[in-house]
Amino acid sequence: MATVFDAAVYILEKCGSITHMKLQKLVYYAQAWSLAWDEEPLFPDPIQAWVNGPVIPSLFRQLQGKFKVTPDDLKPGSSALLTQLQKDTVDKVLEFYGSKDPQWLSDLTHMEAPWREARQGLRPDERGNHDITPASMAEYYAGIP
């Protein structure tokens, strides 16, 4: 199975240098739509509902302190480990979300059920590390026409 780093490298190879925040959101949407369309996860890493939207902690730790990121920042990742189906899914995600501003992507996640459900019981500005479950992502995104 591909890792979050493999997916992130593929996204960066397609998009070029982008902000760490935007990469987090694009990887989140790649996972969400993989669950909805392909009925399997793109990667096994958990996704948490942080204040600024979904975050993959393992990816965050690797890129912590960086504003803009490139494929070279993710040495353990290789886009060659993604299947053609996975690449096609990520490509479709990038077609829709890739040109969007990082804050727009964050705001969008705040309107969607998987992040909101995982943040239940937390104040808007309160740190939290509740997982956004793959089941909630699959159910929500599969229901979007």
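This is a short tour of a predicted model, built around helix α2, its helix neighbours and the largest pocket.

**Start with α2 and α1**

Begin by selecting residues 20–38, which form helix α2, and then add residues 4–15, which form helix α1. The axes of these two helices come within 10 Å and cross at roughly 115°, and α1 and α2 are therefore roughly perpendicular to each other. Their crossing is right-handed. To see the contact itself, show the side chains of Val4, Ala8, Ile11, Leu12 and Cys15 on α1, together with Leu23, Leu26 and Val27 on α2. By class, the residues of this contact divide into eight nonpolar, no polar and no charged.

**Move on to α4**

Keep α2 on display and select residues 84–97, the stretch that makes up helix α4. Here the axes of α2 and α4 come within 9 Å, and they cross at roughly 125°. Angles from 65 to 115 degrees count as roughly perpendicular, and the crossing angle of roughly 125° makes α2 oblique to α4. The crossing of α2 and α4 is right-handed. On the α2 side, pick out Lys22, Leu26, Tyr29, Ala30, Trp33, Ser34, Trp37 and Asp38, which meet Leu85, Thr89, Val90, Lys92, Val93, Leu94 and Tyr97 in α4. This contact of α2 with α4 has ten nonpolar, two polar and three charged residues.

**Then to α5**

Next, select residues 102–111, which are helix α5. This helix packs with α2 at an angle of about 45°, and the two axes are 9 Å apart, an arrangement that makes α2 oblique to α5. The crossing of α2 and α5 is left-handed. If you show Met21, Lys22, Lys25, Leu26, Tyr28 and Tyr29 in α2, you will find them meeting Pro102, Gln103, Leu105, Ser106, Leu108 and Thr109 in α5. Sorted by class, the residues in the contact of α2 with α5 are seven nonpolar, three polar and two charged. Leu26 is worth a label as you go, since this residue belongs to the contact with α1, to the contact with α4 and to the contact with α5.

**Finish at the largest pocket**

For the last stop, select Thr19, His20, Met21, Gln24, Lys25, Trp50, Val51, Asn52, Val55, Phe60, Lys66 and Phe67, which line the largest pocket. About 300 Å³ of space lies in this pocket. Which helix gives the most to the lining of the largest pocket? It is α2, with four residues. Met21 and Lys25 appear in the lining, and Met21 and Lys25 are also among the α2 residues that meet α5. Taken by class, the lining divides into six nonpolar, four polar and two charged residues.

Note on methods: Residues numbered from 1 in each chain as written. Predicted model: local features only at pLDDT ≥ 70, side-chain atom pairs only at ≥ 80, totals over all residues. Heavy atoms only, no water. Axes fitted to C-alpha atoms, helices over the stretch in contact; angles between N-to-C directions. Parallel < 35°, antiparallel > 145°, perpendicular 65-115°, else oblique. Left-handed = near helix turned anticlockwise from the far one by under 90°. Contact = heavy atoms within 4.5 Å. Nonpolar A, V, L, I, M, F, W, Y, C, P; charged D, E, K, R; others polar. 1 Å grid on protein atoms, 1.4 Å probe; cavity = no way out; pocket = protein on both sides within 12 Å on 5 of 7 lines; lining within 4 Å. Points joined across faces, edges and corners; volume = space filled by probe spheres on them.
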